[in-house]
Amino acid sequence: MMLPVAGRFVAGEGPAEALEHVRQLNDRNVKAIVNLLGEHYDDREAADADAREYRELVEDIARSDLEATVSVKPSQVGLDLGEDVFRENLEGIVETAAERDVFVWIDMEDHTTTDATLDAYEELAREHGGGVGVCVQANLKRTRGDVERLADVPGKVRFVKGAYDEPVEIAYKGKEAVNREYEALLEYAFENFDGGIAIGSHDPAMIDRAIELHEEHGTDFEIQMLMGVRDDAQVELAEEYEVYQYIPYGDRWMSYFYRRAMERKENLWFAVRAVLGR
Ligand code: FAD
């Protein structure tokens, strides 16, 4: 059973709880990106089971009147087992979603997965004329080139700073360098993309910069933040802009909750206080 304290960052263990959370969010004008927690499976059963659950989730979303998309991790649907397994499972999800008009995001994992992830994204986005999005990470030096490659692909691109500790040879290190690169990537995207830009960040400075660039170039964009992080700001921004909340659910909630609680002092205090009942 999920600890109540984890409920700030994780919607519950099953899809029904996740979709109930989506309903409450939609009532406040915030849209949803639903993520089934899971990664790095080394057996085919587990990868196929999560792919199946995503297809069912897509069908549940399509049957509802909810404003919701899904987001899948490559290693959750088989990338560690081989590119062929990943492709097969991802294609199954995207095909089901395309038939039902539900959008599919592909999360980006560490640098060893970037080529396989972008190749799969590009092929599926071109085949379906959109309906798919991929995440790119500002901390990787290669990303400028990747973003140029993605400019004319008919999908969406989520820009994040990058959650993985990458080798110094291939990555920008330190907040300042990553922020600088993030802004440079946004400048390129707002100038060169037809739309489909997602700002996957809680950083007010990056969000303000995106708004400035939107006003300058008129390019469409959306803001994406995690469940439990700046929830009030999400609702406020949604009065003027398109805002999505990334909502994890599933029985593998412990390590995700631990990461969120550890990444900021105030989150850690929140967790400790909740456990102590204060
Ligand atoms: P940070 O650099 O962490 O913080 C900058 C500023 O933002 C802070 O100074 C503060 O003002 C504000 N802020 C940040 N957190 C809080 C908080 N808890 N409360 C109040 N203010 C806060 N990474 C990947 O590698 N692959 C992915 O597929 C991926 N998908 C993501 C999807 C979404 C929707 C989001 C939001 C993030 C995703 N990330 C992903 C994570 C991302 O790479 C960053 O690690 C993470 O978002 C932290 O960077 P940041 O831009 O939010 O701001």
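## Getting to know this predicted model

Aspartate 101 sits in the loop between helix H3 (83-100) and strand E3 (104-106). That loop is our way into a predicted model, and from there we'll visit the paired strands, the nonpolar core and the ligand's surroundings. Along the way, look out for strand E8 (residues 242-249), which is largely enclosed by the rest of the structure because seven of its eight residues are buried.

**Loop residues worth a look**

- Most residues other than glycine have a negative phi.
- Aspartate 101 goes the other way, with a positive phi of about 60° although it is not a glycine.
- Is aspartate 101 buried or exposed? It has 10 C-beta neighbours inside 10 Å, so it counts as exposed, the limit for that being 12 or fewer.
- Histidine 40 also has a positive phi, near 50°, and it is a residue other than glycine. You'll find histidine 40 in the loop between E1 and H2.
- With 13 other C-beta atoms within 10 Å, histidine 40 is partly exposed.
- Arginine 28 is placed in the loop between helix H1 (15-27) and E1. Arginine 28 has 13 other C-beta atoms within 10 Å, so it comes out as partly exposed.
- Setting aside neighbours within four places in sequence, arginine 28 is in contact with Val235 and Ala238.
- Arginine 28 and glutamine 234 are 206 residues apart along the chain, yet their C-alpha atoms are separated by 9.5 Å.

**Strands around E8**

- Strand E1 (residues 31-36) and E8 run parallel, joined by six bridges. In this pairing, valine 34 stands opposite isoleucine 247 in E8.
- E7 is joined to E8 too, by five bridges, and these strands run parallel. Here methionine 225 faces glutamine 245 in E8.
- To get from E7 to E8, the chain passes through helix H8 (residues 231-237), making a right-handed β-α-β crossover.

**Strands around E6**

- Strand E6 (residues 197-200) is covered on both faces: Ile197 and Ile199 are buried on one side, Ala198 and Gly200 on the other.
- Three bridges hook strand E5 (residues 156-160) up to E6, and the two run parallel. Phenylalanine 159 stands opposite isoleucine 199 in E6.
- Between E5 and E6 the chain goes through helix H6 (residues 175-192), and this β-α-β crossover is right-handed.
- E6 pairs with E7 as well, in the parallel sense, over four bridges. One spot to find is glycine 200, opposite glutamine 224 in E7.
- Together with helix H7 (residues 204-217), E6 and E7 form a right-handed β-α-β unit.

**The nonpolar core**

- The largest nonpolar core has 76 residues, and the members touching the most others are Val34, Val70, Ile93, Val104, Phe159, Ala189 and Ile247.
- Which helix gives the most to this core? Helix H2 (residues 44-63) does, with six residues.
- Leaving out residues up to four places away in sequence, phenylalanine 159 touches a list of residues including Val136, Tyr182, Leu185, Ala189 and Ile199.

**Around the ligand**

- The ligand is surrounded by 22 residues, the closest being Asp107, Cys135, Val160, Ala163 and Ser201.
- Strand E4 (132-137) and strand E7 (221-226) are the elements that give two or more residues to this shell. The largest share, three residues, comes from E7.
- Sorted by class, the shell holds ten nonpolar, seven polar and five charged residues.

Technical notes: Residues numbered from 1 in each chain as written. Predicted model: local features only at pLDDT ≥ 70, side-chain atom pairs only at ≥ 80, totals over all residues. Near = placed C-beta within 6 Å. Nonpolar A, V, L, I, M, F, W, Y, C, P; charged D, E, K, R; others polar. Buried ≥ 20, exposed ≤ 12 C-beta atoms within 10 Å, placed from the backbone. Pairing = 2+ DSSP bridges. Right-handed = clockwise from strand over helix to strand, strands pointing away. Contact = placed C-beta atoms within 7 Å. Core = buried A, V, L, I, M, F, W, Y, C linked by C-beta atoms within 7 Å.
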